[in-house]
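This report describes a ligand site and some local features of the backbone and surface.

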Amino acid sequence: MSEHIRGYLRDRALPHIWCAGCGHGTVLGCLLRAIQKAGLDQDKTVIVSGIGCSSRATGYMNFDTLHTTHGRALAFATGIKLARPELKVIVITGDGDAAAIGGNHLIHAARRNIGITTICFNNYVYGMTSGQYSPSTPTGSLATTSPFGSIDIPFDLSRLVQAAGGAYVARATTYHVTMLTNLITEALRVDGFSFVEALSQCPTYFGRRNKRGTAVDMLNWFRDNSVNKKALSKLPPEQVEGKIIVGELYRATELKEYTKAYRELVERAKGGVRP
Ligand SMILES: Cc1ncc(C[n+]2csc(CCOP(=O)(O)OP(=O)(O)O)c2C)c(N)n1
């Protein structure tokens, strides 16, 4: 870790709480490198999170940070962005935080195309509360709340955000560190709602219960079960079936960012101009 990136960490808050082999530290490392690559000003960047193992990341980051309530990171972030649109606002959230209790905030932030970059640490489970199934848990998985296998059909979080109206959607795993860093860097450059789904291994609660082996086994599983979007057209369907598609999944063009539209509205209202 370069000296510069170390400066992005709050030494006094370390060591972190994550289990041995957890992927969340890898995602955090990618985010910090992306912040550096995108050249963000540390004093003009606000990081907001909800509640969960993933959401603990804000506490370790040497920025203006807000560790909020479960599922509500995007609601707080929306308030910050509307009040101070010149700030870079980043949300860190888990799959439970973003898509279960916070699901409405997610779809409406995407629908409005508000200028917030959301990094969803998707480990397929509620990690912090010891392994209940989440809206992204694969069907058939074992969890404390599905001891005979989950019958739910999971959300594809990236497709959800794209369908809801987000400007930029990308996905990578903790195996794809360079790709994940680059995708987050791109997301940070987007003027609108950008969403990066970072698949992250939870060896303690998802892996152990579902016999996925060690953290390294889970990383190798990500490697063997993902296909880069760029390679899709060259592969026969049987090699794509059931695989995780990684890479830049969607980029909108000419979508107005919400706080810009809001400022324009304020100016029109001041002039008494109605449509
Ligand atoms: C209102 C409310 N409901 C439930 C909880 C309990 N709770 C804390 S974290 C969490 C789930 C976290 O899962 P996820 O967002 O996937 O993050 P992870 O811990 O897996 O990184 C839950 C249900 C809470 N803190 N507040």
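Is E254 buried, partly exposed or exposed? E254 is exposed, with a relative accessible area of 83% (buried means under 20%, exposed over 50%, partly exposed in between, with a 1.4 Å probe and protein chains only).

The model is predicted: local features need pLDDT of at least 70, side-chain atom pairs count only at pLDDT 80 or more, and totals for chains, interfaces and linings use all residues. Residues are numbered from 1 along each chain as its sequence is written, and side-chain values use heavy atoms, with hydrogens and water left out.

**Ligand site**

The ligand is surrounded by 17 residues, the closest being C53, S54, G96, D97 and G127; a residue is near a molecule if one of its heavy atoms lies within 4 Å of it. Polar contacts (pairs of N or O atoms within 3.5 Å) made by ligand oxygen atoms are listed below.

| Residue | Partner of the ligand oxygen | Distance |
|---|---|---|
| S54 | side-chain N or O atom | 2.8 Å |
| D97 | polar backbone atom | 2.7 Å |
| G127 | polar backbone atom | 2.7 Å |

Taken alone, the ligand exposes 600 Å², of which the protein buries 73%; accessible areas come from the Shrake-Rupley method with a 1.4 Å probe, and for residues only the protein chains shown count as cover. Helix 4 (95-101) and strand 5 (125-126) are the elements that give two or more residues to the shell. Helix 4 supplies the largest share, four residues. Helices (H or I, at least four residues) and strands (E, at least two) are DSSP runs numbered from the N terminus. By class, the shell holds six nonpolar, nine polar and two charged residues; Ala, Val, Leu, Ile, Met, Phe, Trp, Tyr, Cys and Pro count as nonpolar, Asp, Glu, Lys and Arg as charged, and the others, Gly among them, as polar.

**Backbone features**

Most residues other than glycine have a negative phi, and most peptide bonds are trans. E254, not a glycine, has a positive phi of about 55° and lies in the loop between strand 10 (244-251) and helix 11 (258-270). Y124, also not a glycine, has a positive phi of about 70°. Y124 is in the loop between strand 4 (116-122) and strand 5, and is buried, with a relative accessible area of 11%.

L14 and P15 are joined by a cis peptide bond with omega of about 5°. P15 lies in the loop between helix 1 and helix 2. The loop between helix 1 (3-6) and helix 2 (24-37) also holds I17, which is partly exposed at 40% relative accessible area.

Definitions and conventions
Polar contact = N/O pair within 3.5 Å; in protein donor to acceptor, adjacent residues only side chain to side chain.
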